[in-house]
Amino acid sequence: MFKTYVPENHDAKWVLIDAEGQTLGRLATQVASILRGKNKPTFTPNELCGDFVVVINAGKVNLTGGKLDKKVYTRYTGYQGGLKTETARVALAKHPERVIEHAVFGMLPKGRLGRRIHTRLKVYAGAEHPHAAQQPEKLEIK
C-alpha cells in the first residue's frame, strides 16, 4: 500500500517565459508541466501545487510545417449553423494569446482542478506584462 505525499504548504512562484521563436507545441508542454507542478519533487496529482506562468511575446510563436494555414480552430456560437472556424494564421493575427492558452489548456487535466490550474496562466501578445510586482524569474525554454 502506497501513501500519497501531501505537501504542507504550496509556495507558488512566478515564472516568466519568452515565447519569441519557440515552437507552439514544445512551449505548451513545458508551460503545462510547470503549471501542474511536475517539475517539483513534491508533485501530487490531485493537488494544486504548480507555479504561476507568465508568457510574453505570444504573437511571435512559431508553427512548423504548413500549420499556419492547415490548423483550424473551431467554436460553436450556440445558434443553428453557428460553427465558426479560423486558421492559425488568422488567430495569431487577431488574438495570439488564445492560441497559446488553447494549446496549454488541452494538456491540463479535465475537471475542476484543470480549470483552477488554467487561471494561473497569464499570456500577453507583447513584451509588456503587469506582473512585475510578483518578481517572476525568467526561464529559458530549449
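Author: Two strands pair if DSSP finds at least two bridges between them. Please keep in mind that this is a predicted model.

Reader: Thanks! Which residue of E4 does Tyr-73 stand opposite?

Author: Let's start with the strands. E3 covers 72-76, and E3 pairs with E4, residues 83-87, in the antiparallel sense over 5 bridges. Within E4, the residue standing opposite Tyr-73 is Glu-86.

Reader: In the hairpin of E3 and E4, which residue takes a positive phi?

Author: The hairpin has 6 residues between its strands. One residue there has a phi near 110°, and that residue is Gly-78.

Reader: Now to the helices. Within what arc do the buried residues of H4 fall, seen down its axis?

Author: Helix H4 spans residues 96-105, and its buried residues are Pro-96, Val-99, Ile-100, Ala-103 and Val-104. Seen down the axis of H4, these buried residues line one face of the helix because they fall within an arc of 125°.

Reader: Which elements do the buried residues of H4 pack against?

Author: Happy to list them. Two are helices, H1 (24-36) and H3 (88-94). The others are strands: E2 (52-56), E3 (72-76) and E5 (121-123).

Reader: Which element gives the most to the largest nonpolar core?

Author: That core has 29 residues, and Val-31, Ile-100 and Val-104 have the most contacts inside it. E1, H1, E2, H3, H4 and E5 each supply at least two of its residues. With 7 residues, the element that gives the most is H1.

Reader: Leaving out residues up to four places away in sequence, which residues does Val-104 touch?

Author: Val-104 is a buried residue of H4. Helix H1 covers 24-36, and the buried residues of H4 pack against H1. With sequence neighbours up to four places away left out, Val-104 touches Ala-28, Val-31, Ala-32, Leu-35 and Leu-121.

Reader: How many residues are in the second, separate core?

Author: Among its members are Leu-16, Phe-52, Val-54 and Ile-56. The number of residues in this second core is 5.

Reader: Is the β-α-β crossover from E1 to E2 right-handed or left-handed?

Author: E1 and E2 pair in the parallel sense over 5 bridges, with Ile-17 opposite Val-55 in E2. The chain passes from E1 through H1 to E2, and the crossover is right-handed.

Reader: And in E6, what is the bridge partner of Ile-17?

Author: E1 is mostly covered, with 4 of its 5 residues buried. E1 also pairs with E6, residues 137-139, in the parallel sense over 3 bridges. In E6, the bridge partner of Ile-17 is Leu-139.

Technical notes. Residues are numbered from 1 along each chain as its sequence is written. This is a predicted model: local features need pLDDT of at least 70, side-chain atom pairs count only at pLDDT 80 or more; totals for chains, interfaces and linings use all residues. Side-chain values use heavy atoms; hydrogens and water are left out. Buried means under 20% relative accessible area, exposed over 50%, partly exposed in between (1.4 Å probe, protein chains only). The arc is that of the directions from the helix axis to the C-beta atoms. Contact means heavy atoms within 4.5 Å. A nonpolar core is a set of buried Ala, Val, Leu, Ile, Met, Phe, Trp, Tyr and Cys residues joined through side-chain atoms within 4.5 Å. A crossover is right-handed if, with the strands pointing away from the viewer, the path from the first strand over the helix to the second runs clockwise.
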